[in-house]
Amino acid sequence: MSVPPRIANLLINALRSGVVPRVGLEHITVGRAKEIGAILHDIDMIEAGGATFRFIVGKYGSGKSFMMQTIRNYAAARGFVVCDADLSPERRLVGTKGSTQNQGLATYRELMQHLSTKAKPDGGALPLILEKWINGIMTEVKTSKDWYDNPPVIDETVDSEFDAFFDAAVERRIYTVIGELEGMVNGFAFAQAVSTYYRAYRDGDETKKGHVLKWFRGEYNGLREARADLGINLFVNDENWYDFLKIFAIFLVKAGYKGLLVLIDELVNLFKLPNAITRAANYEKILTLFNDTLQGKAKHIGFLMGGTPQCMEDRYRGIFSYEALRSRLAEGHFAGADVKDMTAPIIRLAMLTQEEMYVLVEKLRDIHAGLYNYTPVLTHEDLLYFLTVEYNRVGAQTHITPREIIRDFIELANILHQNPHLSVAQVLGSNSFELAKGGLTDEDVNEEFEEFEI
């Protein structure tokens with residue numbers, strides 16, 4: 001299948017820069033059949049009303065972010081709502097006690113900003129979701145048997161779509177639907193906000209709609225402000241943002257979606273936190289999410305979290321330093337490097353095999369040729385030679401990653417396209433490598449250290 005030029009350009013430029021593109025991943029996905037199959041089973045469970053939690057663990061450049069984005073695109077295409085965020089020094093799961101920075105709330109805001117559906121894959125789908133739900137209820141009321149058999153007398157001087165009778169029927173239906181949310185933690189305030197949005201939608205009040213969206217996105221900084229704008233005595237904060245995600249998941253199913261998939265990457269930023277108390281608070285939040293999903297306290301929601309082996313397994317600063325998590329996540333006695341349990345909470349990404357890397361660089365060769373409109377010049381032998389050179393690097397068998405190979409291959413394709421007089425052998429050299437030299441030259445060494453030896 002040919003790749004559209006816009007997608008091909010995005011793929012080549014993103015991969016050349018070492019970042020994961022958000023679209024077009026289906027054109028370059030190879031391998032990971034068992035891992036993807038395990039997560040697709042999780043997605044089936046979310047649709048059935050369950051909740052799931054997985055860690056995807058791999059070295060930098062091993063493909064964990066790529067895999068998470070692939071699952072994100074698949075879930076959105078299947079009718080799920082997806083949201084994703086990368087943790088950073090400003091975004092955590094729990095903020096520092098007494099701080100005004102609200103780092104936990106910042107992660108929630110990032111998730112809401114990236115709320116995506118099949119119809120709106122680039123984020124910002126919250127208004128679309130709310131209005132789809134309202135329109136669905138209005139259609140349901142109009143087509144209901146009671147309304148069809150006994151339609152009210154409509155005053156022609158009033159907009160029939162929002163006639164008082166129809167409006168009352170719609171509001172009754174809305175309260176019936178959101179009544180189930182009121183029994184959840186913070187569900188009453190959530191139901192209030194949904195009702196307020198309907199009335200603003202009915203009246204064409206864009207200001208009020210904006211206030212409700214602001215409330216849902218967690219952008220109110222205090223109770224007084226939320227009460228003044230909406231009359232709601234609650235706002236999303238560092239402590240309760242996860243409760244709102246659980247409510248959203250139930251609401252989204254009522255709006256016609258299959259569930260909510262939450263992807264959080266770069267857990268290594270929790271590992272880097274210098275304060276042990278702050279790290280423990282964030283790990284405790286992970287424990288809360290883990291327990292809720294696996295104990296059945298949450299419904300129609302799934303979590304995927306990505307991190308490196310060090311940020312998971314380090315016994316001093318990593319997630320395994322929190323004993324309650326380590327005891328839950330540690331592998332049993334029978335799994336090993338060759339035999340893995342794909343139902344375990346941690347999915348560890350092994351390096352792609354050389355055969356899988358060959359398929360990948362072959363796909364990239366064809367995409368590159370299609371983007372720049374030329375006939376591929378790299379033959380089967382050329383691709384094998386390239387991979388032989390890559391895997392002959394010192395330490396390549398254990399340390400080279402797909403990111404490095406992809407970046408090198410795109411660079412090779414660019415050089416050959418821009419310099420058609422060069423051959424692959426001329427660019428790659430003689431397939432022999434030296435250890436990289438240090439950055440200091442003889443002139444840079446201070447005289448007093450010239451005789452120093454280790």
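**Entry 1: helix 8**

I began with helix 8 and found that 13 of its 17 residues are buried, so the helix is largely enclosed by the rest of the structure. I note here that I am working from a predicted model. Buried, in this notebook, stands for under 20% relative accessible area.

I then checked the length of helix 8, which covers residues 187–203: at 1.5 Å a residue its 17 residues should span 24 Å, and because the end C-alpha atoms lie 24 Å apart, the expectation and the model agree. Looking just past the end of helix 8, I found Gly 204 with a positive phi of about 70°.

**Entry 2: the sheet**

Next I looked up how the strands are arranged, and I found five of them in an open sheet with the order 2-3-4-1-5, paired in parallel. The edges are taken by strand 2 and by strand 5 (346–348), each of which pairs on one side only. I also looked up the twist: neighbouring strands of this sheet are turned against each other by 20° on average, with direction ignored.

**Entry 3: strand 3 and its two partners**

Is strand 3 enclosed or open to the outside? I went through residues 260–265 and found six of the six buried, so strand 3 is largely enclosed by the rest of the structure. The side chains go two ways, with Leu 260, Val 262 and Ile 264 pointing to one side and Leu 261, Leu 263 and Asp 265 to the other, and I noted that all of them are buried, Asp 265 included.

For the pairing, I followed strand 3 to strand 2 (residues 81–86), which runs parallel to strand 3 and is joined to it by six bridges; in this pair Val 81 stands opposite Leu 260. I then turned to strand 4 (residues 301–307), which pairs with strand 3 in the parallel sense over five bridges, and where Leu 304 is the bridge partner of Leu 263.

**Entry 4: the largest pocket**

I looked up the largest pocket and recorded a volume of about 710 Å³. It is lined by 36 residues, of which Val 20, Gly 63, Lys 64, Ser 65 and Phe 66 are the closest to its centre. The elements that give two or more residues to this lining are helix 3 (64–77), strand 2, strand 3 and helix 19, and the largest share, seven residues, comes from helix 3. I sorted the lining of the largest pocket by character and obtained 16 nonpolar, ten polar and ten charged residues.

**Entry 5: the second largest cavity**

A search of the whole structure gave me three cavities of 30 Å³ or more, and I followed up the second largest, which has a volume of about 50 Å³. Which element gives the most to the lining of this second largest cavity? I found that helix 19 (residues 402–418) does, with four residues.

The lining of the second largest cavity consists of Arg 365, Tyr 374, Pro 376, Val 377, Leu 378, Phe 409, Ala 413, Leu 416 and His 417, and I divided these residues into seven nonpolar, one polar and one charged. Helix 19 thus appears in my notes twice, for this cavity and among the elements lining the largest pocket.

Terms used:
Residues are numbered from 1 along each chain as its sequence is written. This is a predicted model: local features need pLDDT of at least 70, side-chain atom pairs count only at pLDDT 80 or more; totals for chains, interfaces and linings use all residues. Side-chain values use heavy atoms; hydrogens and water are left out. On a 1 Å grid over the protein atoms alone, a cavity is a set of points where a 1.4 Å probe fits but cannot get out, and a pocket is an open set with protein on both sides within 12 Å along at least five of seven lines; lining residues have an atom within 4 Å of a point. Grid points are joined across faces, edges and corners, and a volume is the space filled by probe spheres set on the points. Ala, Val, Leu, Ile, Met, Phe, Trp, Tyr, Cys and Pro count as nonpolar, Asp, Glu, Lys and Arg as charged, and the others, Gly among them, as polar. Buried means under 20% relative accessible area, exposed over 50%, partly exposed in between (1.4 Å probe, protein chains only). Two strands pair if DSSP finds at least two bridges between them. The expected span of a helix is 1.5 Å times one less than its number of residues. Axes are lines fitted to C-alpha atoms, for helices over the stretch in contact, and angles run from 0 to 180 degrees between N-to-C directions.
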